[in-house]
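Me: Please take a close look at one loop in this chain. Then follow it outward to the spaces and sheets that can be described alongside it.

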Amino acid sequence: MNIILFDDPVIRQNLLPLTFTRPVAEIRTGILTIAEKWQELTRQVVSSLTQDYLKAKFMPYFDSSHNCYINGAVIPTVEMIEQLKSMNYGESYWQGDTLLAYHGGGEQTDSLEELLEKAQQSKKLNFEGEVLILREVWEIFVHNGREIRSDFKLLTKDRKSQPVNDKFTAVYGEENIFIEEGAKIRAAVLNAEDGPIYIGKNTQVQEGALIKGPFALCEGSHVNMGAKMRGDVTVGPQSKVGGEISASVILGYSNKGHDGFLGNSVLGEWCNLGADTNTSNLKNNYAQVKLWNYARGGFKNTGQQFCGLIMGDHSKCGINTMFNTGTVVGVSANVFGTGFPRNFIPSFSWGGAQGFETFQLRKVYEVAEKVMERRHKALDDTEKAILTEVFNQTQQYRVWDAKA
C-alpha cells in the first residue's frame, strides 16, 4: 500500500496560516508530524498531494499497483491501517461528508480536484471505528498531550532509554521518561508522573529547567536555563525555548529563548519571539475565545476558554511584545512596539499597535536567508517561490496597501 496524504480543501483552509507553507500532513502534534506518524506505523515512505505551488518541495510518489490516497488531517491508528489494507480498487471510506481514503490502484492522480471527483464517483463505504481528524488550528494544542502519549509508546516500544547520568537532576516517574542518544541534561527537574517526557537526539536541557510531562523535546533542540515547561508541550526539532510554556506546539526551527509566557499556542517554523514576549491565553471575563479563520474571512468561536497565539512560518516579534488572547499572525510578519497589536496580523506585515506597512519580499528574503543559515539551511529558489505565492495570495488582507 503506497500512502499519499492529500490536502482536504476545507480542512486546509481552517488550518491556515500554517498550511500556507506546508501540506496538512506536515503539521506536528505530539512528537511527530502526521506524515511521520503514518510512516512510523506503516514502515514505508509516505508522500503528500498538496497545492500546486507547494509541489516542488512536497512531491507525491506513485507506485504501479496500490496508491492509497488518505486525508492528510487524519491521525493514524493501527486499527485504521488494517482496515485500509482491505480496500479494493475504486472504493473509498467516508465519515459523513469527509473523505478519509480512496483506493486509486495504479492510477497516478496528481490533481486534488481530479482525486476528489474520482472519490465522489467511487464505491462509498462508511468507516467503522473512531477517527481523529485535525480540523482546526487550535486542535493542534488541544490534542497535543494525547498525541505525545501515543507517539511516546510508538517510538519507545521495545527500546531502552539512555540513563540520566547527572547526579543533580531530579527525576519523578522515571519509567515514563525516554532519552535518546546525545542528549545532555544538567541540574534539571523531570516530572513524568502525569505524562511521559521524551528527550530527543542531541538535545540539551540546561541548568534549572523544570519539565512536567507530557513533554516532547525533538532532535537538536534546547531547553534553556531556568525554563518552566508546564505540560502538553512539544518543542519541534532545532528549536530553543526558555521562560514559561504551557500546552503549546512549536513545529520546528523556531526560538522562544527568553523569559515570557507562551500558552495554548502554535508556532510555525523559523519564528522568533523576542525577550519577555507574553501571550494571553485567557480572557478577563473567562469567555470562550474567538480566532481569525481564513475560510470564514472573520473570527470564529473556538469553543475553548484557553487559546493564545497562532503564528505562521518566518514570523518574528520584538522584545516585550504583548499578544492578546486568540491572536493569529500570518507568514513572514514582523511585529514590534508598545501596546497590544490587533488579533489578526496579516502575512508580510511590518509594525504593531501603532499601525502596519508591508514587509516587502526583498527584505523578507534577506532576513530568511540569515535565519536559515544559522541552522545550516538555505533559502533556495523553491522556498522563495513559496513565499512569493503566499505574498500574492494574502495581499487582500493588507488593507493599508489599498489606502496608499
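Reply: P17 sits in the loop between α1 (9-14) and α2. Helices (H or I, at least four residues) and strands (E, at least two) are DSSP runs numbered from the N terminus. The model is predicted: local features need pLDDT of at least 70, side-chain atom pairs count only at pLDDT 80 or more, and totals for chains, interfaces and linings use all residues. Residues are numbered from 1 along each chain as its sequence is written, and side-chain values use heavy atoms, with hydrogens and water left out.

The peptide bond that joins L16 and P17 is cis, with omega about 10°. L16 and P17 are among the residues that line the second largest cavity. A cavity is a set of points on a 1 Å grid over the protein atoms alone where a 1.4 Å probe fits but cannot get out; a pocket is an open set with protein on both sides within 12 Å along at least five of seven lines; lining residues have an atom within 4 Å of a point. The rest of that lining is N14, E136, V137, W138, L291, W292, N293 and V328. Strand β28 (residues 290-293) supplies the largest share, 3 residues. By class the lining has 7 nonpolar, 2 polar and 1 charged residues, where Ala, Val, Leu, Ile, Met, Phe, Trp, Tyr, Cys and Pro count as nonpolar, Asp, Glu, Lys and Arg as charged, and the others, Gly among them, as polar. The volume of this second largest cavity is about 50 Å³, a volume being the space filled by probe spheres set on grid points joined across faces, edges and corners.

The whole structure holds 2 cavities of 30 Å³ or more. For the largest cavity the volume is about 50 Å³. Its lining consists of H314, K316, S332, N334, F359, V364, V367 and A368. Helix α7 (residues 361-373) gives the most to it, with 3 residues. The classes here are 4 nonpolar, 3 polar and 1 charged.

Helix α2 (34-42), on the other side of the P17 loop, leads to the largest pocket: α2 and α8 (381-393) each supply at least two residues of its lining. About 560 Å³ of space lies in this pocket. It is lined by 23 residues, and E26, K57, F58, Y253 and E269 are the closest to its centre. The lining divides into 10 nonpolar, 4 polar and 9 charged residues.

A second cis peptide bond runs from G213 to P214, with omega near 0°. P214 is in the loop between β15 (210-212) and β16. Strand β16 (residues 215-217) runs parallel to β13 (residues 197-199), and 3 bridges join them. Within this pair, I197 stands opposite F215. Strands count as paired if DSSP finds at least two bridges between them. The pair belongs to an open sheet of 9 strands with parallel pairing, in the order β10-β13-β16-β19-β22-β25-β30-β33-β35. β10 (177-179) and β35 (344-345) stand at the edges with a single partner strand each, so one side of each is left without a neighbour in the sheet. Helix α6 (residues 144-156) lies across β10, β13, β16, β19 (233-235) and β22 (249-252), at about 60° to β19. Contact here means heavy atoms within 4.5 Å; axes are lines fitted to C-alpha atoms, for helices over the stretch in contact, and angles run from 0 to 180 degrees between N-to-C directions. Q238, in the loop between β19 and β20 (240-241), has phi near 55°, a positive value in a residue other than glycine.

The other sheet to describe is open, with 6 strands in the order β2-β1-β3-β6-β5-β7 and mixed pairing. Its edge strands, β2 (46-49) and β7 (123-126), each pair on one side only. The twist averages 25° from one strand to the next. Strand β5 (residues 91-95) and β6 run antiparallel and are joined by 4 bridges, with Q95 opposite T98. α4 lies across β1 (2-6), β2, β3 (67-71), β5, β6 and β7, at about 90° to β6.

K118 forms a salt bridge with E107, the closest N and O atoms being 2.8 Å apart; the term requires a side-chain nitrogen of Lys or Arg within 4 Å of a carboxyl oxygen of Asp or Glu. K118 lies in helix α4 (residues 112-121) and E107 in the loop between β6 (98-103) and α4, so the pair ties together parts that are 11 residues apart in sequence. The salt bridge count comes to 22.
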